[in-house]
Amino acid sequence: MDEVTGAQLIAEALKAQNVEYMFGIVGVPIIEVAMAAQAAGIKYVGMRNEQAACYAASTIGYLTGRPAVCLVVSGPGLIHALGGMANANMNCWPVIVIGGSSDRNQETTGAFQEFPQVEACRLYSKFSARPSSLQMIPAVIEKAVRSSIYGRPGACYVDIAGDMVNAKIDRASVRFVSCCPAAPVSQADSREVTKAVKLLKTARRPLIIIGKGAAYARAEREVRELVEVTGLPFLPTPMGKGVLPDDHPNCVAAARSRALLQADVVVLLGARLNWILHFGFSPRFSPHVKVIQVDLCAEELSNNVRAASALMGDIRAVVSQLLESLKSESWRFPSDAEWWATLKEKMVANAHMSKTLALHSTVPMNYYTAFHHISELLPKDCIIVSEGANTMDIGRTMLLNYLPRHRLDAGTFGTMGVGPGFAIAAAVLEQAQQSSQRVVCVEGDSAFGFSGMEVETMCRYKLPIIIIVINNNGIYSGVDPDTWREMEKMGDMTTIAPPVTLLPEARYEQVMTAFGGCGYLVRTVEELRSALQESLKNAQMPSLLNVLIDPASDRKQQEFPWLTRSNL
């Protein structure tokens, strides 16, 4: 009789579904699951916090289209991972969370870390289940993987009772399941395609908005052809950057506010009219704007703004349909249209304003000066991870992307703390592919604090990630050391220190050097350029640049100053 354990069944089932990566923190009762996964050929990355592990696993799903696993212990371990599951669901990224749980014969008795895990995960996932027996493990794993990538991608949870991990069963009695195929591809209704083309041809101020759904769908070739055949201006959402290069002549990101406000026909390609796009509402959009919406999720169509043409289907397939129709009619938006002149005027004005701020030579630096010099040195093919408030907002406009799926940020859920986990996942992929592409993680000092201990993970696996902490001593803004010392003299800091402040000039680079990585304290442009150049040359270990900037530095004046997070 050929006996296998529950842990072996889990590992073999994952491998059969082409799952290649597992991130997690081991403990009772899932240590053997991680060991079995490695034995089956799955790469295991041990993290320092379950949230970061789940962020990393979901990043693999976004970058490859196939989910990775986040492996966690019962109770608190699973609860910590819920943040990552929610983030994956909101971003529409596939991930599988496998959680150990109490033994079945101890349910309701107050077992160690007993918690209603399956029920809890239903709020944070597309699918949540516990195999009823060892025989059913492969089938449940297959359904979880399939559910994570079919339809709108997202998180799925599989609960494994502690007593099932080491229990044995005859292999012949197990219901093995073959690998689920790639998600089915659907096309839009041809009548809606005809309607969309008619709307585009009559538009005076058309605009294409490229979302991260287009990046996930690997639609870059089709989208580029659509833009170049039609001559239409396009605007990427934050993680839609790079589907077409940011320096493409049709990119109007530098005139974002004007493009959104004055467009009369908007083509949404894998983007949602949520807070990132101001819901499609006035005053950010014209109240009369007509929306052509391309989305694979029926429930998303006409959300917030009624779509003038609703094209449900795979983005690559639907864009191909639009192209076929537009090519047959030989239509192209005129390059000398007044709309183009209006957009280019604003782009020039905004570029001039940003350049003026970037060329300030004062010490401490402002955001624009720091990003200007960082952007001059970063390789065009690097993967940029970014999070923070002003750090992420300003960085999006100044750190350009030239390739698809090469920007990872706080995303739809606006989650802080994602950066190190995202960077680790991207670097692990680059390491496996033996790629020379670098991963650069640009963090606000507040954002870095959420998952900063993951620098030990980076050092342990020798992942040459470059972390750049833009340190303004606070959340949004801070105070300088002299002001901090004066406040300390005034009494209890819990009642005096502004809630947005952090310890001035904290030595974050020493966190990296504590684990064997390279750390740099940066105050000047010369120090910034030198440290970044040295870090780019170092392909053996991670580096951290602690860039001290003016605590009062802020974004340039916005067209809508009453909206505090307007340029996401």
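## Strands 2 and 3

In this predicted model, strand 2 (residues 21-24) and strand 3 (residues 43-46) run parallel to each other and are joined by 4 bridges. Two of the residue pairings can be named: the bridge partner of Met22 in strand 3 is Tyr44, and Phe23 stands opposite Val45 in strand 3.

The side chains of strand 2 are divided between two directions. Tyr21 and Phe23 point one way, whereas Met22 and Gly24 point the other way. This division fits a general pattern. In a regular strand, side chains alternate between the two faces of the sheet. Tyr21, Met22, Phe23 and Gly24 are all buried.

## The six-stranded sheet

Strands 2 and 3 belong to an open sheet of 6 strands with the order 3-2-4-5-7-6 and parallel pairing. Strand 3 and strand 6 (127-129) are the edge strands, each pairing on one side only. From one strand to the next, the twist averages 20°.

Helix 4 (residues 76-91) packs on this sheet. The strands that helix 4 touches are strand 4 (69-72), strand 5 (95-101) and strand 7 (155-161). The direction of helix 4 makes about 160° with that of strand 7.

## The five-stranded sheet

A further open sheet consists of 5 strands in the order 10-9-11-12-13, and its pairing is parallel. Strand 10 (234-236) and strand 13 (309-312) each have a single partner strand, so one side of each is left without a neighbour in the sheet. On average, neighbouring strands of this sheet are turned by 15° against each other, direction ignored.

Strand 9 (residues 206-210) and strand 10 run parallel and are joined by 3 bridges. Within this pairing, Leu235 in strand 10 is the bridge partner of Ile209. Helix 8 (residues 190-202) packs on the sheet and touches strand 9, strand 11 (265-269), strand 12 (290-295) and strand 13. The direction of helix 8 makes about 130° with that of strand 13.

## Backbone features in the loops

Two cis peptide bonds precede proline residues in loops. One joins Val28 and Pro29, with omega about 10°; Pro29 lies in the loop between strand 2 and helix 2 (31-39). Another joins Ser282 and Pro283, with omega about 15°; Pro283 is placed in the loop between strand 11 and strand 12.

Positive phi values occur at two residues that are not glycine. Ser302 has a phi of about 65° and is situated in the loop between strand 12 and strand 13. Lys462 has a phi of about 50° and is found in the loop between helix 18 and strand 17 (466-471).

## The surroundings of Glu454

Glu454 lies in the loop between helix 17 (445-451) and helix 18 (455-460). Glu454 is buried, yet this residue has no salt bridge. The nearest side chain of opposite charge is that of Arg460, 5.8 Å away; a salt bridge would require a side-chain nitrogen of Lys or Arg within 4 Å of a carboxyl oxygen.

A polar atom of the Glu454 side chain lies 3.0 Å from the backbone nitrogen of Asn49. Leaving aside neighbours within four places in sequence, Glu454 is in contact with Met47, Arg48, Asn49 and Ala52, as well as with Pro420 and Ile424.

How values were computed
Residues numbered from 1 in each chain as written. Predicted model: local features only at pLDDT ≥ 70, side-chain atom pairs only at ≥ 80, totals over all residues. Heavy atoms only, no water. Pairing = 2+ DSSP bridges. Axes fitted to C-alpha atoms, helices over the stretch in contact; angles between N-to-C directions. Contact = heavy atoms within 4.5 Å. Buried < 20%, exposed > 50% of the residue type's maximum accessible area, 1.4 Å probe, protein only. Lys, Arg positive; Asp, Glu negative; His and termini not counted. Polar contact = N/O pair within 3.5 Å; in protein donor to acceptor, adjacent residues only side chain to side chain.
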